[in-house]
Amino acid sequence: AAARRARRRAMGGANGKPTRDARDAATAMTTGDAIDDRAPASAPSALAADCAPAKLGDSGVATTAATAAPPPPKVSDHANGAPDPMPRPTFDVANRNDEEYDLDAAVEDAGAWLRGQLAELPIARDYPHIIDECVRVMQKWKREFPQKVWLRVVKGDRLAKELNESAPVIEKTMKYISAIEVQSPAERAVIIDLCSGFGYLAMFLSEMLPADKVREIILVDKMWSMFGKQPKPHHINWEHVYGVGDWKYAWPIEMTTRKVDLKDHAAVNQLAMHIFNRWNGPFIVLGIHLCGTLSIKAVEMFNNHPNTQHLILKPCCLPDFSWTYRTDYFPPIGKHKYLIPTKAVCSRGKWKKNKWIGPPRSYLQQKFVAWNDHLCKAIEDDDGNITKSIEEIKVQTSHFQNLFIFGERARLSKCTMDIATGVQFPTPSGTEAGAWCPTGSGFGTHYGKDSVRPVVKASS
């Protein structure tokens, strides 16, 4: 503060504001630069030395900031001279970062590159047959993808990470599809990949599953662009799905994207109307690495749609502790109105600069086990028609998120909108509709199961 006041007095200027020349001179003085051509470049600033507070050096002798302070930290060429950002976190098991990945090797030999990325991961030990299929697929993509699309697929460590965690899901899905008996094309299965991200899981399933048994794979994520709109920079790039320019990859099983926020009640109802109500099924819902309360949304999707045969859910992080301030229980789930206590599953803590700040791992692991147990119990029994289970599959060696939840419905039935959403269709119109969206759920003029229809008096 004393140094700043001294600089202001030295700079002067009209109306108490420093002139440009004075600012430049003061900057040169505080950084040790020469004020004129006669002063050496390394000459210390007398003003800075006089105004800097004294402090004790290692020998106990008082020194000034001009003689004892270390040089200012080196700044990079980032915007506005900001310091270099924190490096990207290293990969969980392989302990390698993005800069060490040899993209040239990926361009030259895709199969050998992929095997190298997966060699130290659990998938290499437990699912070698999955790796063989993935290598075949990668070699095919290498031949047919444009270079910029191919490099986007293999960039960084995300492909190896996603494939390692998706290996049990791929194997289970292949088993489910092989057990389906298809008599006509209308009986083919539809796979829904919740929070799909870039879509690695769907991409490999499209190549590995039989096209005569699977109609479509739908990638659901709120970061997709609206269909028919040009994606913006913050959207997921979908060139690998829909093509770019004159090039379009022929996926063996059709893949489509849907922009859906699973926490938006209206968006989920639209998914029921345009997807689940469109086909009789069977549907397979996949929810891999779902964070927080998104796992509840996956369970509700399985409960609410009677033409969904299988659910594979791998929860990720716990719900935020702020839920405990709002309510003692999450909203009821399923017809059995199962309640999940917030204090039993919510936790404090967050990642800050690649470092966990929060409770210890032993405490979080207990919460995570309870979270999965409650999610499994939230899957309704449907009078013995649904079986559910929790399995521990080691896909992460340094973390404890290795629990998978499986649900299976034995007998399927047609999904109607009133069953899926609790909404009476067709909705009232005109004067019978009452207020617009009376339930406050944002899905047109309708009445939920617990809603009371307004009394409409006859006009005279």
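This report walks through a predicted model of a protein chain, from its overall make-up to a few local spots.

## The big picture

Let's start with the whole chain. Its secondary structure comes to 18 helices and 11 strands. The chain has 460 residues, and 42% of them are buried. As for the outside, the accessible surface is about 25,400 Å², with 52% of that belonging to carbon and sulfur atoms.

How do distant parts of the sequence meet? Take the contacts between residues at least 6 apart in sequence: 66% of these join residues at least 24 apart.

## A look at helix 13

Helix 13 covers residues 265-276, which makes 12 residues. At 1.5 Å a residue, a helix like this should span 16 Å, and the end C-alpha atoms sit 15 Å apart, so the two values agree.

Just at the start of this helix, aspartate 264 has a side-chain oxygen that comes within 3.1 Å of the backbone nitrogen of alanine 266. Alanine 266 is also one of the buried residues of helix 13, and the others are Ala267, Asn269, Leu271, Ala272, Ile275 and Phe276.

## A buried charge in strand 4

Now for glutamate 216, which you'll find in strand 4 (residues 214-220). Which side chain of opposite charge is nearest to glutamate 216? That would be arginine 278, at 5.0 Å. A salt bridge needs a nitrogen and an oxygen within 4 Å, and glutamate 216, though buried, has no salt bridge.

Its side chain does have a polar partner, though: the side chain of threonine 256 makes a polar contact with glutamate 216 at 2.4 Å. Leaving aside neighbours within four places in sequence, glutamate 216 is in contact with Ala189, Val190, Ile191, Ile253, Glu254, Thr256 and Trp279.

## A glycine in a loop

Glycine 197 lies in the loop that runs between strand 3 (189-194) and helix 11 (200-208). Setting aside neighbours within four places in sequence, the residues in contact with glycine 197 are Asp221, Trp224 and Ile236.

Asparagine 237 is another residue to look at here. It is 40 residues away from glycine 197 along the chain, and the C-alpha atoms of the two are separated by 9.9 Å.

## Salt bridges

Side chains of opposite charge can pair when their charged atoms come close. Search the whole structure and you get 11 salt bridges. Lys148, Arg152 and Glu239 are linked in a network of them.

Here are some pairs to look up. Aspartate 126 forms a salt bridge with arginine 125, with the closest N and O atoms 3.0 Å apart. Aspartate 126 counts as partly exposed because its relative accessibility is 34%, while arginine 125, at 55%, counts as exposed. Glutamate 392 and lysine 394 also meet through their side chains, at 3.7 Å from N to O. In that pair, glutamate 392 is exposed at 56% relative accessibility, and lysine 394 is partly exposed at 48%.

Another pair sits within a helix. Glutamate 300 and lysine 297 both belong to helix 14 (residues 294-304) and are three residues apart, or about one turn of the helix. Their salt bridge has its closest N and O atoms 3.9 Å apart. Glutamate 300 is partly exposed, with a relative accessible area of 22%, and lysine 297 is partly exposed too, at 27% relative accessibility.

Technical notes: Residues numbered from 1 in each chain as written. Predicted model: local features only at pLDDT ≥ 70, side-chain atom pairs only at ≥ 80, totals over all residues. Heavy atoms only, no water. Helix = DSSP H or I, 4+ residues; strand = E, 2+ residues; numbered from the N terminus. Expected span 1.5 Å × (residues − 1). Buried < 20%, exposed > 50% of the residue type's maximum accessible area, 1.4 Å probe, protein only. Polar contact = N/O pair within 3.5 Å; in protein donor to acceptor, adjacent residues only side chain to side chain. Lys, Arg positive; Asp, Glu negative; His and termini not counted. Contact = heavy atoms within 4.5 Å. Areas by Shrake-Rupley, 256 points an atom, 1.4 Å probe, with all protein chains shown as cover.
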